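Visitor: Could you walk me through this one slowly? I am new to reading structures.
Guide: Gladly, and we can begin with a term that will help us later.

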Amino acid sequence: MSAMDRRLITHANWSLLGFTAVLFFVGVANLYSASGVRIEDGILVAPYFQKQLVWGAVGLGCMAGVTLFDYRHLRALSIPFFVFAVFLLLLVPLMGKTVYGATRWLDLGFFNLQPSEVAKVATLILTASMLSRFKDTLKWGDLFFTLAVGAIPCALIFLQPDLGTTLLLFFLIGGIILFHGLKKYVFKTCCIVLPLTLPLGWFVLKDYQKERILTFLDPSRDLQGAGYHITQSQIAIGSGQLWGKGFQGGTQSLLRFLPEKHTDFAVAVFSEEWGFLGCTVLLALFCCFLLCIINTARSAKDHFGSTLCAGVFFYFFWQVLINIGMVVGLMPVVGVPLPFISYGGTATIVNFIMLGLVLNVSMRRFMFKIN
Amino acid sequence: MAIEVGSDGYQPSRIGLFLLYGLVAFLFLLFILRFWYLQILRGEEFAQKAHANRTRQERIFATRGVIFDAKQRLLAENRPAYVISLIREDCPDIPATLAQVSQWTGAPLSVIQAKFQQDSQRIKSFQPQIIATDVPFEKVTDIEQQIFQWPGLSVETRQRRYYPHGPLFAHILGYVADAGEKELRADDQLALGDTVGVQGLELVLEKRLRGKKGQNSVEVDVLGRQLEKRQEVPPQAGENITLSLDIDLQRAVSEALGDEAGAVVVMEPDSGKLRALVTHPSYDNNAFTTTLSKKDWAALVEDPRHPLQNRAIQSVYPPGSVWKLMMAGLFLEQKIDPKATVICHGQVTLGSHTFRCWKGGGHGAMNMLQSLIHSCDVYYYEMAQKVGIDNIERFGKACGFGAPTGIDLPHERSGLVPGRRWKTNRFGEPWQGGETLNVSIGQGYTLVTPLQMAVYVSALLNEGKLLKPSLIEEEEPEVRSLLPMPPSHRNFILEAMRVTAFSGTARRISRPDAIMGGKTGTAQVVRIGERRLKKHEMSYQHRDHAWLASWGMKDGKTYVVVVMVEHGGGGSAVGGPIVAKVYEALFGPVPTVDGPGTLYQRSPFAVDGAESNRRGGQR
């Protein structure tokens, strides 16, 4: 091992990896409990936790792969990668797989690829690359240009339709832009104009999406569907009280009153079984995890690396905010998973790839000094 | 750190970093507060909701107590009945399911739908709701093979009340029926689908027979599938009750009464126990435990012979000459010399009215004993004028008439001992002297039930105790009041009955192996005209009611038998043979006797002034 390799390893953000590992294993243990179903003679556990371990291993491999090369090469690759992602998104309506009325997947035979996930990574890299070229805070032209590029995947994903991912991607771009900074007059104008255009968005939404939002405001509108999700989720969390009901002790989960309990609502299972204390610990873990990403964004050696990490920060931040917000009844029900806690193959792999980007930046933060 | 790093002089914007830190702090605070709100502040409430989500209370039916006769033979039992129930929540297509049930059971779809609509309001969607009852066993096997295709449906076994002897005990046992709106509201122990006693002993003994329901706590999953059942309260079966009645005797009595409308009471005077209580015509109470159709119900209610009426306690009749058993007691109390005679010319005139004796030619000179044996009306017309209506009313009521006997059956009637105040209240007119004469022979306004008469005759035999007639074997005798008669007066009346049964109007019941006593009565429904019409000359409704009150003693056993045949005709001709058959059932067949020897038994009743005439007249 060369001296440089050793430095790469010592400078890697190990605390970030540590928190990730803890979160991932909390997630797997929680999945074990969440995929249990009480039957007449005991508890039947579906093998989701085993699969999640496999995805984790695959994700870890991908993450290692992402750290192998210097992230600065990504700048050159960002445009072709973005074009490729848009191409995949265009393929979706032509040859995608339709599930529950939404066409989101490409069937690759061995694997169902979700092009919107690829688009997230590609858009993040491209946006970071573009913004790092602007030395100063953004003027109107820079802002519109950045947004226009981001609008392409957003629009394609919205049409699938997948409101959750669209919003997530939009917020991701918005977050990176805010991190980079805007001219004061641009920022102030946006603060006034954006809230005014928000109601216009209502007309873009499909009926079922409007219904979701209305149901969020008044769960009794739809006691069988989304309202039921909201109600049962709050019962599950609340009934955990201070100490929780113990591992595999969540009645709302085991008796299947809680819907989507191993995917979007997995954290409700955790809250039911570990109570307020467990939730506090979990929240603290997520916050430390996010702080570790900020540390890398702060100590990155160049603008691109820093912006890239900020992008990854927002990528995780928005998911945590939207998912937990939805589960605790502070936000409408949209299909956004909680990183490392919710079950999901593609999501897990993408999460690790994102972490790989941050690690890459952290490993190479002293490169110029050495050279 | 920034100094260390700054290789190309790059510093991320302070505002941008501040934004990121701020967001993390916001995330943490927002959700910590929210979790605190949900789990600590409202945790208790949500814990209860979670508990309510998964636990359901299930009631366990308690077996209704069975009813035995005195020899421990079943009079009312429980049999399995198959019902089809539906859990609405689990049923994807309710109209089609109801139609299928209609097809299986043959019950009209409209009836099933109507019941379903009605019950749906009371039964929660995850609770089984009965949509078809009394599915025959042969159909159950077929249905069970197909039922899995119909989610939400299931065949359940319930208990149904069955009365093996049907009409023979219908009026006594009564029946049970599904608890209706009224019962459900009055009794929170009841739930839809429970049965309650609505008539007879089933109603009166409801509390003892019903038992207590148990409760299961069932853990269910979101589909309502039952995962774990914990019995929290075990059910308590109802009490089994043994009646004093005897199936064999009841049947013999019923056969003795035959097709006549009327009632027979067989009572043990010492204990007040009823050994048979028959009323005719009867009905099959089993028809009520299944679903009785409106048509059948209407037919029962509108039947001109009133089969639902328990004539022993719910019908009142003028007692006719049987009433003289009470009147004689009053005369003795009023110090009328039993040896004093009244000359009977066949009628008495009071004012413009003529009051006739049943014997148009008159009886001649009658003392008190003779007046009872021959049932001379004129003697009572004369003596009643001496004692007056107020005494008759007081004494009659003291003998238990005009008030319910307290038997454990619903809707018992009081009968009537008329008096001045009653007349004024009822008609707004003063009492007429002639009415006293009518009352004195058990006519006019006087009304009694056969059971009241049996209680009175029993009191004559049991030291004067007016007992509550008891249907329940283990019950202690309950003395409700005492006859206002010294032993000598009671013995006088009993001796008169003995002679009447031996050689008087009730001699049809005499038998050589037992000491018998009796008094017949022929209660007029219409006034006697110039001449008493023969039975066949009158229409059914105008015919007289036949009465016979009797007692018999053999081998230390004493029974009181009272027969009343509605519109039967003469008490002697109609009542006599029936009572004789009842005693055959009680004492065995009448032995054939060669000589008259046994007929002249020593009287058990020492009576002054009765020795003179031991042989009664003929009627």
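Guide: Two strands are said to pair if DSSP finds at least two bridges between them. Please keep in mind that this is a predicted model.

Visitor: Okay, so which strand does β1(B) pair with, and over how many bridges?
Guide: β1(B) pairs with strand β8 of chain B, residues 214–220, in the antiparallel sense and over 6 bridges. Within this pairing of strands, Arg59(B) stands opposite Gln215(B), which lies in β8(B).

Visitor: What's the strand order in that sheet?
Guide: The order is β1-β8-β9 in chain B, an open sheet of 3 strands with antiparallel pairing. Its edge strands are β1 (55–60) and β9 (226–233) of chain B, each of which pairs on one side only. On average, neighbouring strands of this sheet are turned by 30 degrees against each other, direction ignored.

Visitor: Switching topic: how many residues does each chain bring to the contact?
Guide: Chain A brings 47 residues to the contact and chain B brings 37 residues. On the chain B side, α2 (14–41) and α3 (43–54) each supply at least two residues, and α2(B) gives the most, with 18 residues.

Visitor: And what kinds of residues are on that side of chain B?
Guide: The side of chain B that touches chain A divides into 24 nonpolar, 6 polar and 7 charged residues.

Visitor: What about chain A, how many helices and strands?
Guide: Chain A has 15 helices and 5 strands, and 52% of its 371 residues count as buried. Among its contacts between residues at least 6 apart in sequence, 71% join residues at least 24 apart.

Notes: Residues are numbered from 1 along each chain as its sequence is written. Chains are lettered from A and ligands numbered from 1 in the order in which they are written. This is a predicted model: local features need pLDDT of at least 70, side-chain atom pairs count only at pLDDT 80 or more; totals for chains, interfaces and linings use all residues. Two residues are in contact if their C-beta atoms, placed from the backbone, lie within 7 Å. Helices (H or I, at least four residues) and strands (E, at least two) are DSSP runs, numbered from the N terminus. Ala, Val, Leu, Ile, Met, Phe, Trp, Tyr, Cys and Pro count as nonpolar, Asp, Glu, Lys and Arg as charged, and the others, Gly among them, as polar. Axes are lines fitted to C-alpha atoms, for helices over the stretch in contact, and angles run from 0 to 180 degrees between N-to-C directions. A residue is buried if 20 or more other C-beta atoms lie within 10 Å of its own, exposed if 12 or fewer, and partly exposed in between; C-beta atoms are placed from the backbone.
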